[in-house]
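Dear colleague,

I am handing over the structure we spoke about, and below it I have set out what was found on going through its charged side chains and one of its strands. Please read the notes with the structure open beside them.

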Amino acid sequence: MNDFTESFPDRFTDDNYEHRWEFKEDILQLESEHKKRVIDLGWYPEFDADGQYTLMLVDVSEENGEGSFYWNKLIEYRSRSIEEIRMKIEEFLRT
């Protein structure tokens, strides 16, 4: 899933912002089956002008016995800056 766009968090100041739908919880998810890791990006609180991007690197190597996996958060990073988030995603991809 990839809904990470060239949005403008600085312009998102209230509920009248025409692109507020871009600031949702499920923006980007990258999964590496080989490394058993997931990179997850969302805006929290969702659709909230006071929110920020939350980027997580998650280990998913431990099965929960029900056919899915536990999300063990390794790193969490928060920012309103798209450029900072991009740099962190690149860092997480190298991890």
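I begin with Glu91, which has a relative accessible area of 33% and is therefore partly exposed. Please keep in mind throughout that this is a predicted model. Glu91 is the partner of Lys88 in a salt bridge, in which the closest N and O atoms lie 3.3 Å apart. Both residues belong to helix α1, which covers residues 82-94, and because they are three residues apart in that helix, about one helical turn separates them. As a general point, side chains that carry opposite charge can pair when their charged atoms come close.

The structure holds six salt bridges, and a second one that deserves a look joins the side chains of Lys24 and Asp3, with an N to O distance of 2.7 Å. This pair links distant parts of the chain, since Lys24 and Asp3 are 21 residues apart, although each of them sits in the segment before β1 (28-32). Asp3 is partly exposed, as its relative accessibility is 33%.

A third salt bridge is formed by Arg78 and Glu76, whose closest N and O atoms are 2.9 Å apart. Arg78 has a relative accessible area of 42%, which means that it counts as partly exposed, and Glu76, with a relative accessible area of 32%, is also partly exposed. These two residues do not stand alone, for Lys73, Glu76 and Arg78 are linked in a network of salt bridges.

Arg78 also leads to the strand I mentioned, because the side chains of Thr54 and Arg78 are joined by a polar contact of 3.2 Å. Thr54 lies in strand β3, which runs over residues 52-59. Is Thr54 buried or exposed? Its relative accessibility is 3%, and since the cut-off for buried is under 20%, Thr54 counts as buried.

Which residues does Thr54 touch, leaving aside those up to four places away in sequence? They are Asp40, Leu41, Gly42 and Tyr44, together with Glu76, Tyr77 and Arg78, so that two members of the salt-bridge network, Glu76 and Arg78, are in the list of residues that Thr54 touches. For Tyr44 there is also a distance to note: Thr54 and Tyr44 are ten residues apart in sequence, while their C-alpha atoms are 6.6 Å apart in space.

With best wishes

Notes
Residues are numbered from 1 along each chain as its sequence is written. This is a predicted model: local features need pLDDT of at least 70, side-chain atom pairs count only at pLDDT 80 or more; totals for chains, interfaces and linings use all residues. Side-chain values use heavy atoms; hydrogens and water are left out. Helices (H or I, at least four residues) and strands (E, at least two) are DSSP runs, numbered from the N terminus. Buried means under 20% relative accessible area, exposed over 50%, partly exposed in between (1.4 Å probe, protein chains only). Contact means heavy atoms within 4.5 Å. A polar contact is a pair of N or O atoms within 3.5 Å; within protein, one must be able to donate a hydrogen and the other to accept it, and residues adjacent in sequence count only if both atoms are side-chain atoms. A salt bridge is a side-chain nitrogen of Lys or Arg within 4 Å of a carboxyl oxygen of Asp or Glu.
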